[in-house]
Amino acid sequence: MKLRYFAWVRERIGKPEEEIELPAGITTVADLVAWLSQRGEEYAHAFENPKVIRAAIDRAHVRADAAILGAHEIAFFPPMTGG
Amino acid sequence: MAATVRLQREPFDAASEVDKLRRGRGDIGAVVTFTGICRSDETGAPLLAMTLEHYPGMAEAEIARHVEAAERRWPLLGVAVIHRYGRIVPGEDIVLVVTAAAHRQDAFAAAEFLMDYLKTRAPFWKQIEFAGDGRTDAKMWVDAKQSDDALADRWTASSGRRAAE
């Protein structure tokens, strides 16, 4: 599964994307955020306030309780500031 | 209906986009054009430039979804949305929304709807550069505004208002 990071989430983690093997028991976006947060200081920093983190599965917005089974690409980013 | 959604690094020409939408059409009675421009200050500090990061692929898809939602909601005769990314200096254009309809109410409402959603749902992030004084970080990510969320929320059915088009 490919993970992509944008804006300050990308800066804090220190890379724009990576491939991961999803561990057993991780079924929702919120589970994935919790698991990533334990991977190191940079992840803990990026996800220190999970409420502000937005996520997309295969390029469509999803909520934290969304199931990630079958996802090819999951992206994490701060609230958007376009327009 | 003719809809254009485009992301580009280069500046755009609003007049030519309007011309493309209305050329040879006798049914269009109203065209609304919105241009978002990079201001020269943010919270009082002079701005050097703004860099827009985006999520390629998703940004186009998300804008297209909202264009389709606007088409379902109002009888539109043409839509163009162009959003720039990369480094933009004050005075330069950032975003263009053009809506065409037979009557002005539909064109105005659809343009406002599209802008409200672009602000809160299109995957773009603004980072601003200040004229650094050497002491503080001269680059800063712009925080999302709750007022923008409120503006986008007013178009959803649960808020009650304006939902009955």
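## Close-up views of a predicted two-chain model

**View 1. A30(B) stands opposite A101(B) in strand β7 of chain B.** The model shown here and in the other views is predicted. The residue pair belongs to the ladder between β2(B), residues 30-37, and β7(B). The two strands run antiparallel. They are joined by 8 bridges.

**View 2. Strand β7(B) is largely enclosed by the rest of the structure, as 8 of its 9 residues are buried.** β7(B) spans residues 93-101. Besides β2(B), with its 8 bridges, β7(B) is joined to β5(B). That second ladder holds 7 bridges. Here too the strands run antiparallel. Two residue pairs mark the register between β5(B) and β7(B). V81(B) stands opposite V97(B). I82(B) has L96(B) as its bridge partner.

**View 3. Strand β5 of chain B is buried along its run: 9 of the 9 residues at 76-84 count as such.** The strand is therefore largely enclosed by the rest of the structure. β5(B) pairs with β1(B), residues 2-8, in the parallel sense. This pairing extends over 7 bridges. Within it, A3(B) stands opposite V79(B). β5(B) is also joined to β7(B), in the antiparallel sense.

**View 4. Helices α3 and α4 of chain B pack at an angle of about 135°.** Their axes are 9 Å apart. The angle makes α3(B) oblique to α4(B), because it lies outside the roughly perpendicular range of 65 to 115 degrees and is not over 145. The crossing is left-handed. From α3(B), the contact takes D116(B), Y117(B), K119(B) and T120(B). They meet D148(B), D149(B), L151(B) and A152(B) in α4(B), the helix at residues 146-153. By class, the residues of this contact divide into 3 nonpolar, 1 polar and 4 charged.

**View 5. Chains A and B meet through 14 residues from chain A and 21 residues from chain B.** Three elements of chain B each supply at least two residues to the side that touches chain A. They are α2 (58-73), α3 (104-121) and β8 (124-130). The largest share comes from α3(B), with 5 residues. The touching side of chain B divides into 13 nonpolar, 4 polar and 4 charged residues. Helix α3(B) thus appears in two views: in the contact with chain A and in the packing against α4(B).

**View 6. Five strands of chain A form an open sheet.** The strand order is β2-β1-β5-β3-β4. The pairing is mixed. The edge strands are β2(A), residues 17-19, and β4(A), residues 60-62. Each of these pairs on one side only. On average, neighbouring strands are turned by 25° against each other, direction ignored.

**View 7. Strands β3 and β5 of chain A are joined by 4 bridges.** β3(A) covers residues 54-57. β5(A) covers residues 73-77. The two strands run antiparallel. One bridge pair is A56(A) with A75(A) in β5(A). In the order of the sheet, β5(A) stands between β1(A) and β3(A).

Definitions and conventions. Residues are numbered from 1 along each chain as its sequence is written. Chains are lettered from A and ligands numbered from 1 in the order in which they are written. This is a predicted model: local features need pLDDT of at least 70, side-chain atom pairs count only at pLDDT 80 or more; totals for chains, interfaces and linings use all residues. Two strands pair if DSSP finds at least two bridges between them. Axes are lines fitted to C-alpha atoms, for helices over the stretch in contact, and angles run from 0 to 180 degrees between N-to-C directions. Two residues are in contact if their C-beta atoms, placed from the backbone, lie within 7 Å. Ala, Val, Leu, Ile, Met, Phe, Trp, Tyr, Cys and Pro count as nonpolar, Asp, Glu, Lys and Arg as charged, and the others, Gly among them, as polar. A residue is buried if 20 or more other C-beta atoms lie within 10 Å of its own, exposed if 12 or fewer, and partly exposed in between; C-beta atoms are placed from the backbone. Angles under 35 degrees count as roughly parallel, over 145 as roughly antiparallel, 65 to 115 as roughly perpendicular and the rest as oblique. A crossing is left-handed if the near helix is turned anticlockwise from the far one by less than a right angle, and right-handed if clockwise.
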